[in-house]
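The questions below ask how the terms used for a protein structure are justified. Each reply sets a value against its definition and then concludes.

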Amino acid sequence: MPEIVLKNITKRWGNFVGVDNLSMTIEDRAFITLLGPSGCGKTTTLRMIAGLETPTEGLITIDGVTVFDSDKGINLPPQKRDVGFLFQNYALWPHMTVYKNIAFGLENLKWKKPEIEERVDELCKMLKIEQFKQRYPSELSGGQQQRVAIARTLAPRPKVLFMDEPLSNLDAKLRLEMRTELKRLHVDTDSTFVYVTHDQLEAMTLATKVCLMETGVMQQYDPPLVTYSLPNNLFVADFVGNPTMNFLDAKAERDKNGKLRINMYGIEAEMQTEDVFEMPVKPEGEENAQSDVNVVVGVRPEFLEIGSSGIQAKVHATLPSGMETTVKIAYGEQIFTSVVFGGVDYAVDEQIKVSFRGNGILLFDKFTGKRLCSGALKLAK
Amino acid sequence: MNDETNVKIEREESVKAGKWLKFRFWLKRFFTNPANIILVVFFVFLAFFIFYPLITLVYDTFAVSSVTETRYGVKMGELTGLWWYRMIASEYNTMYFWKPLGNSMLMSFLASIIAILYGGIVAFFITRTNMKGKSIISMIFVFPYIMPSWTLATFWKNFWQNPDIGSGTGGMVYNLTGLKVPEGMVYGLVPCAIVLGLHYAPFAYILIGGILRNMDANLEEAATILHASRFKIVRRITLPIVLPALMSTFLLVFSSSMSAYAVPQYLGSGRFYVLTTYMKSFLNQGYYGQGYIMGLVMILFGVAILVANQYVTGKRKSFTTVSGKSGQVSYINLGKAKWVVSVILIVLSIFFAVMPLITFALESCCVVAGDYSTLTLQYWISKTPTDAQNGLVGLFFEKQVWRAFGNSLLLSFLCAIIAGSSGVLIGYAVSRRRGTKLAKGVDSLAFLPYLLPSMALGGAFLTMTTIFGIGKSFFILVLVGAIKYLPMASRSGINAMLQLSGEIEEAAVIVGVPWWKRMVRIIFPIQKSTFISGYLLPFTSCMRELSLFVLLVAPSTTLMATLLDEWMLWWPQSANALNLLIIVTVLVINFAVNKLTGASIDKGVGG
C-alpha cells in the first residue's frame with residue numbers, strides 16, 4: 001500500500017533553506033494538499049518526493065521502499081518511483097498529438113499496442129476528450145489541455161499522483177468544475193494524491209489532510225476542518241479562512257476565583273475553556289509599548305454576532321454577496337469582520353451591538369504565536 | 001410605410017453630403033496620431049527605396065547598358081532577351097550559370113550543416129549538461145561571428161598555405177612543420193564551406209541555445225516521470241521541439257552563405273566560382289545584364305527561403321512558450337567527462353577566435369610572406385615604400401588607409417543613426433497601431449531587405465545610380481547601408497515596444513506630455529538596452545560589411561573592407577596588417593558599446 005514517509009527532509013541552496021527539517025506521513029489513499037504562500041517550499045517538497053529534486057538531507061520512503069536516504073546514499077530516479085506528476089503548465093509535448101502524449105508513457109513501459117490503444121480510449125472517454133485525439137496541444141483550450149495532462153498522468157496507473165497547482169491556469173468557473181472532478185477521480189483511481197496549492201479554499205475543499213507550510217517549515221498537518229477550527233498558531237489562523245479571522249490584542253489574567261479575565265481595548269470579558277495552559281509572560285528583553293498585552297484573541301467572522309446586546313460599535317462598510325453578508329465593524333481604531341447569513345444591508349456608520357458567539361473563540365500567545373486554548377467568550381456585564 | 005421610406009432617403013442624402021466632411025474629419029483624426037504619420041512616411045519611403053531598385057534591376061536584365069555588351073551585336077539602350085538566353089539556354093549556360101549556382105548551393109548546404117552541428121552541440125552542452133567553464137566558452141565562442149566573415153578565410157589561408165599552391169608562399173603549418181596539405185584543403189569548396197560554417201556556428205549557437213534555455217524543463221521532466229530514458233528524452237522530446245528552430249537556423253545560415261562574397265572570393269582562388277563572385281566579375285567587366293540576372297536569382301532564393309522558414313516555424317505543432325516555473329533544470333551529469341568536454345571546447349573556441357589575430361599579426365611582420373625568420377615592422381610603420389614593391393608605405397602612414405578608415409567610421413555611424421532611429425520609430429508606430437494593415441505593411445517592408453542578399457541589393461542600387469545621376473557617391477552607400485540594416489533595427493525596436501505596455505505612455509498622455517518628450521524621456525530610457533542594440537548591430541555589421549558595398553564604392557569612397565579586398569590578392573603583408581586593424585576596430589567598438597550600455601550582439605536577429 002502506498003504510504004509515503006518523509007523524515008527530517010531538508011533542502012538547502014547554499015545558505016538559503018528551502019525546506020527545513022520536514023517530517024510527515026502521507027497515509028494510503030489520502031488526498032493531501034501542501035498549502036502555503038508562494039516561496040514556502042511546497043513545490044520543492046513535492047518535487048523532492050517525486051525525485052525531480054534531490055534533498056540535502058533526510059529520508060523518503062514510498063510504499064515501504066526507501067527512495068531517498070542521504071545517509072545511505074540512496075536516490076532512486078523519478079521513473080523508478082512509480083509516481084505520476086501533473087505539472088502546473090501541463091507540460092504537454094507540443095509536437096505530439098493528444099493520443100501520442102497519452103501513449104508515450106505506456107510505450108516506455110513496453111505495453112503492447114492494442115493495450116495502449118484500449119487504455120488511451122478508456123481515459124479519453126473518462127475525461128471527455130475523445131474527439132481531440134488527433135489534435136495537437138496548441139489547438140486545445142486550457143481546460144482541454146488540462147484534461148489531456150490528467151489523462152497522460154493517469155495512463156500508467158500510478159499508485160501515487162502528484163499535482164503542482166494544476167488548476168491555477170484555469171478560469172474561475174472551470175476551476176470549480178475541475179475540483180469536483182478531481183475529488184471524484186481520487187475515489188475512482190483508488191490512489192494517493194499529493195496536491196500543491198496556494199489557494200486555501202482549494203486546499204480545504206479537496207483534501208483529507210492539509211499540510212500548511214511557511215518559509216520551509218511545516219506549521220500544521222491536520223484534516224481541513226481541524227486546521228480551520230483549531231489552528232496551531234497565528235500564521236495558520238490568519239492563512240486559513242476567508243474572510244480572515246479577527247485578531248484582538250488583549251491582556252489575560254486569572255482572577256482569584258480562577259476565572260480567565262480578558263481585556264481587549266478596554267472590553268472586559270471572561271474566557272470559558274477546559275484547556276489547560278500556562279499564562280504567557282513577556283520574554284526578557286522584549287520592548288513593547290503595550291506592556292500588559294500578552295495574548296491575541298482570535299475570532300472567526302461567523303462567531304462575531306450582530307444583535308441587540310453587546311458592545312456598542314458602528315458599521316464601517318457592508319459587503320453583501322447574496323448568500324451571506326460581510327460586515328466591517330468599526331470599534332474605536334479597530335476594524336473587525338463579521339459574516340451574517342443571508343443578504344442584510346446596513347447603512348454606513350449605523351450604530352450596532354456586537355457580541356461573541358459559540359465556543360470556537362481562540363486564544364494565542366502574543367509572543368510565540370502558539371494557540372493556548374479555545375472556548376467561549378462572555379462579555380462582562 | 002411611405003413615411004419610413006422618406007426618412008430613409010433623407011438620411012441617405014445627408015450621409016452623402018457629409019461624406020467628404022466625414023473623410024476630412026477622419027483624415028484629421030488619423031494624422032493627429034504621431035504613430036500614423038510615422039507609418040505613412042515610412043511606408044512611402046520604404047516602398048520606393050526597396051521596390052524601385054528591384055524594378056530597375058529586373059529591367060536591366062533585359063537592357064543593353066554598357067559598351068562591352070554591344071559586342072554581342074545589340075545596340076546600346078535596346079531591350080533584349082539575349083542575357084537571359086545566354087544564362088539559361090545557351091551553350092555557355094553551364095559555365096556561366098548552372099555551375100556557379102550549384103557551387104553556391106552546395107557550399108551553403110555544407111556550411112549550414114557544419115554551423116548547426118558545431119553551434120548546436122556547443123549549445124546543448126552549455127544549456128543541458130554540468131560542463132565546467134560555461135561562461136568563458138559562451139563568451140569566446142561568439143567571437144568569430146563578431147569578427148568580419150573573411151577573418152577566418154584569411155586565417156585559413158595563412159594557416160594552411162604552402163609554396164606549391166595559391167600565392168606560392170608558406171603558411172603557418174608549412175613553416176612550423178614543413179607539411180604540405182593538398183590544394184583542395186586550402187582553396188575551393190571544402191574550405192569555403194568549413195570557414196562559412198565556423199563563422200555562422202555562433203549564430204546557430206545563439207538561436208538554438210536560446211530555444212533550449214527557454215524550453216520548459218517540465219516537458220523533459222514529464223517524460224522522466226513516464227519512464228523515458230535520458231537518451232530517449234533527447235531523441236523524442238528535446239530534438240523534435242527544437243526542430244523548427246534547427247530548420248530555421250539552417251535556412252538562415254543557408255541564405256547568408258548564399259550571399260557570402262568575401263569567403264569564396266578569398267578561398268576560391270580563381271577556380272571555385274559561386275554566384276556572388278561570378279556576379280562581381282560579370283559586373284566588373286561590364287556584362288551588367290548577366291550579372292543582374294544572378295542578383296535576381298539570389299533574391300528569388302532569399303524570398304523562397306523566407307517563405308520556407310515561415311512554413312517551418314508556423315506549423316500547427318509549433319510550441320506555446322508557457323515558461324515553466326522550475327528554474328532549476330536538472331543537468332545531465334557528464335561525470336569526469338565534463339572536464340574533457342570543456343577543455344576541448346575552450347581550445348576549439350580559442351583556436352578560432354584568437355589564432356586568426358595572431359597569424360595576421362605575424363604575417364604582417366614578415367619581409368617574405370609566411371617566412372617567420374624575417375620579422376620586420378615596416379608594413380606598419382615604414383614612412384617609405386615597403387619591400388613589397390607596391391608603392392605602399394607602412395599602414396600607419398598610408399593615406400589610403402586613413403581615408404578608408406574615416407569613410408568606414410562615418411558610413412557606419414550614419415547607417416547606424418539612420419537605421420537605428422528608424423527602428424525605434426517603426427517599433428513605436430507598429431506596436432501602437434498593431435493589427436492595422438498599415439502597420440503590418442510597414443513591418444514587412446522594413447523586414448524585406450533581410451531577404452535580399454547583400455550583393456544583389458548592392459547590384460539593385462547600382463542600377464539606380466545611373467538613373468538619378470548620383471553615381472557612386474557616398475550618399476548611395478549610406479542609403480543602401482541604412483536600408484540593409486533596417487531589419488535588425490526594426491526588429492529590436494518592435495521587440496522593445498511590444499514589451500512595453502501602452503499604459504506607460506498613456507499615463508504621460510493624460511498629464512499632457514508632448515509626443516517627442518514621451519519618446520525621449522519615457523519610452524527610450526525604459527527600453528534603452530534593446531533600442532541601443534538596434535543601433536549597435538547596424539554599426540558593427542556595417543564596419544565589417546564587404547559584399548553590400550563592393551559594387552558601389554568609388555576610389556574616393558573606399559572603405560576599409562573594400563580596400564582589403566583590393567590588397568588581398570597581391571600584397572598579403574599589408575592586407576594582413578589592414579585586416580588586423582579592421583578586426584581590432586570592430587572588437588573595440590563592440591566591447592565599448594557593450595560595456596557602456598549593456599547592449600550586446602546576442603540580442604536582435606543578427607545575420
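Q: What makes a stretch of residues a helix or a strand here, and how are such elements numbered?
A: Helices and strands are DSSP runs, of at least four residues for a helix and at least two for a strand, and they are numbered from the N terminus. The model to which these terms are applied is predicted. In chain A, for example, Pro243(A) has its place in the loop between α8 (234-239) and β12. The peptide bond that leads from Asn242(A) to Pro243(A) is cis, with omega near 0°.

Q: Why is strand β15 of chain A called largely enclosed?
A: A residue is buried if 20 or more other C-beta atoms lie within 10 Å of its own. In β15(A), residues 295-299, 5 of the 5 residues are buried, so the strand is largely enclosed by the rest of the structure.

Q: Which residues of β15(A) show that both faces are covered?
A: In a regular strand the side chains alternate between the two faces of the sheet. On one side of β15(A) stand Val295(A), Val297(A) and Val299(A), and on the other Val296(A) and Gly298(A); all of them are buried.

Q: How do you know which strands pair with β15(A)?
A: Two strands pair if DSSP finds at least two bridges between them. Strand β12 (residues 246-254) of chain A is joined to β15(A) by 5 bridges in the antiparallel sense, and Val296(A) in β15(A) is the bridge partner of Asp249(A). Strand β21 (residues 361-365) of chain A is joined to β15(A) by 4 bridges, also running antiparallel; here Gly298(A) has Leu362(A) as its bridge partner. Both counts satisfy the requirement of at least two bridges, so both pairs qualify.

Q: What makes the arrangement around β15(A) a barrel?
A: In chain A, 6 strands close into a barrel in the order β12-β13-β14-β22-β21-β15, with antiparallel pairing. The twist from one strand to the next averages 45°. One of the links is that between β21(A) and strand β22 (residues 371-379) of chain A, which run antiparallel and share 4 bridges. Within this link, Leu363(A) stands opposite Cys373(A) in β22(A).

Q: Why are β2 and β6 of chain A said to stand at the edges of their sheet?
A: In chain A, 5 strands form an open sheet in the order β2-β1-β4-β5-β6, and the pairing is antiparallel. Both β2 (16-26) and β6 (74-75) have a single partner strand, so one side of each is left without a neighbour in the sheet. Elsewhere in the order, strand β1 (residues 4-13) and strand β4 (residues 57-62) of chain A pair over 5 antiparallel bridges, and Thr10(A) has Glu57(A) as its bridge partner in β4(A).

Q: Why does Asn8(A) count as partly exposed, and why does Asp349(A) count as exposed?
A: The exposed class ends at 12 neighbours and the buried class begins at 20. Asn8(A) has 13 C-beta neighbours inside 10 Å, so this residue is partly exposed. Asp349(A) has 10 such neighbours and therefore counts as exposed. Asn8(A) lies in strand β1 of chain A, whereas Asp349(A) lies in the loop between β19 (334-341) and β20 (351-356) of chain A. Phi is positive in each residue, near 50° for Asn8(A) and near 70° for Asp349(A).

Q: How do you know that the length of helix α5 of chain A agrees with the expected span?
A: At 1.5 Å a residue, the 18 residues of α5(A), residues 172-189, should span 26 Å. The end C-alpha atoms are 25 Å apart, which agrees with that value. After α5(A) comes Asp190(A), whose phi is positive, near 60°.

Q: What makes Val195(B) stand out in the largest nonpolar core?
A: This core has 266 residues, and Val195(B) is among those that touch the most other members, as are Phe162(A) and Val297(A). Helix α10 (residues 189-214) of chain B gives the most to the core, with 15 residues. Leaving aside residues up to four places away in sequence, Val195(B) touches Leu152(B), Ala153(B), Trp156(B), Val263(B) and Leu267(B).

Technical notes: Residues numbered from 1 in each chain as written. Chains lettered and ligands numbered in written order. Predicted model: local features only at pLDDT ≥ 70, side-chain atom pairs only at ≥ 80, totals over all residues. Axes fitted to C-alpha atoms, helices over the stretch in contact; angles between N-to-C directions. Expected span 1.5 Å × (residues − 1). Core = buried A, V, L, I, M, F, W, Y, C linked by C-beta atoms within 7 Å. Contact = placed C-beta atoms within 7 Å.
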